Amino acid sequence: MVALDGDYFRALETPRMAALAPNLIAAAFPLMKLMPARYILDRAVADGAFEAGMRIVETTSGTFGMALALLSAARGYRLTLVTASSLVDANYKARLDWLGVQMIITEDRAGNGDQVGRLKQLEHIRYEEPHCFWPRQYDNPGNALAYARLAEQLVQTVGEIDCLVGCVGSGGSLCGTGLFLRTVFPHLVVIAVDTHRSALFGHPAGKRLLRGLGNSILPGNLRHDLIDEVHWVGAYPAYSEARRLLREHGVFQGPTSAAAALVARWAARSRPSARIAVIMPDEGHRYAGTVFDDAWLASLPGWPCSPPSEPRELTSVEPGSETDWTWLKWARRSLNQIVHDEVENEGHSQ
């Protein structure tokens with residue numbers, strides 16, 4: 001078998017640079033998660049942590065799993081992915097089946113991604129087969145380190161960057177890129193994009209309609225102390241923005257990318273003299289039958305709706321609805337500091 005590696009995968013993990021406004025450049029990826037997946041696997045092979053014949057096991061909700069699947073097919077690796085019933089659509093599962101992936105799907109009645117249940121299942125697999133390799137996308141520092149190349153590409157394209165916008169799921173892309181860029185541009189403003197009922201920035205974890213960002217656990221790769229602002233974008237504004245990007249720019253990206261673009265456009269308007277870069281991690285093909293399908297959207301309660309033109313500023317962490325877009329000045333504080341400050345402010349107001 002000839003391995004489809006090297007230049008082929010570099011093309012998939014290399015972003016197209018698209019100008020969305022005079023001061024806004026988008027790094028639009030075909031499949032961004034190939035970058036950390038390939039970096040982690042290559043490092044593991046070089047370090048001896050991953051050897052020929054070993055099985056790869058990982059919990060994933062989407063594109064990191066697809067990246068591992070493509071690499072495993074090309075290199076002849078065995079791969080088992082653990083996911084939740086709420087995260088799997090028929091087309092995604094079919095692609096993984098064709099790639100020879102073993103999938104274990106946990107029942108997710110709550111619709112929140114069942115991250116805890118998935119990790120328990122993964123631990124069970126590792127107990128039964130100790131000689132396997134777990135990439136640990138949420139906590140492996142290689143996830144963030146992989147984005148040195150993206151930081152370099154952005155500097156080569158834009159030059160000095162004043163503000164970086166990106167979604168957060170594992171924390172790798174935004175925090176890795178932001179950390180590298182801030183060593184060059186200490187004034188860099190880092191804006192994190194999350195969604196409602198994600199635990200990453202203090203919301204109680206719950207059912208989320210918008211996928212590809214957010215989490216029900218706190219990953220080790222998320223550096224709260226790097227973040228200047230947090231925006232929580234509901235599914236409906238993200239869906240509207242995905243369709244606008246395609247209609248007005250010919251940019252076919254998924255709703256995760258669209259949530260980041262929505263926030264980045266606001267940042268560009270609010271900071272007209274600043275140079276803004278936004279990370280857009282996924283193409284729109286997976287969503288052709290949902291976000292880009294009028295009939296599917298019409299089946300959603302409350303659709304169509306008028307998306308907010310700008311976010312509502314919060315003074316404390318406050319969950320919202322799928323139609324909301326809110327933001328908070330995070331000011332590079334830890335999550336514990338945010339909670340402490342809110343408790344103190346509540347005490348002073350009483």
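**Tour: helix H2, then the sheet**

Select helix H2 and colour its buried residues (under 20% relative accessible area, 1.4 Å probe, protein chains only): Leu34, Met35, Pro36, Ala37, Arg38, Ile40, Leu41 and Ala44. The model is predicted, with local features needing pLDDT of at least 70, side-chain atom pairs counting only at pLDDT 80 or more, and totals for chains, interfaces and linings using all residues. Residues are numbered from 1 along each chain as its sequence is written, and side-chain values use heavy atoms, without hydrogens or water.

Helices (H or I, at least four residues) and strands (E, at least two) are DSSP runs, numbered from the N terminus. H2 covers residues 34–47 and spans 20 Å from its first C-alpha to its last, close to the 20 Å expected (1.5 Å times one less than its number of residues). Next comes Gly48, with a positive phi near 85°.

Now show what covers the buried residues of H2, including helix H1 (7–12), strand E3 (55–59) and helix H3 (63–75); contact means heavy atoms within 4.5 Å.

Move to the open, mixed sheet of 8 strands, ordered E1-E2-E10-E7-E8-E9-E12-E11; strands pair if DSSP finds at least two bridges between them. E1 (16–21) and E11 (312–313) are the edge strands, each with a single partner, so one side of each lacks a neighbour in the sheet.

Select E7 (163–167) and E8 (189–194), which pair in the parallel sense over 5 bridges. Cys163 has Val189 in E8 as its bridge partner. Add helix H8 (172–184), which lies across E7, E8 and E10 (276–280) at about 165° to E7; axes are lines fitted to C-alpha atoms, for helices over the stretch in contact, and angles run from 0 to 180 degrees between N-to-C directions.

Conventions: Buried < 20%, exposed > 50% of the residue type's maximum accessible area, 1.4 Å probe, protein only.
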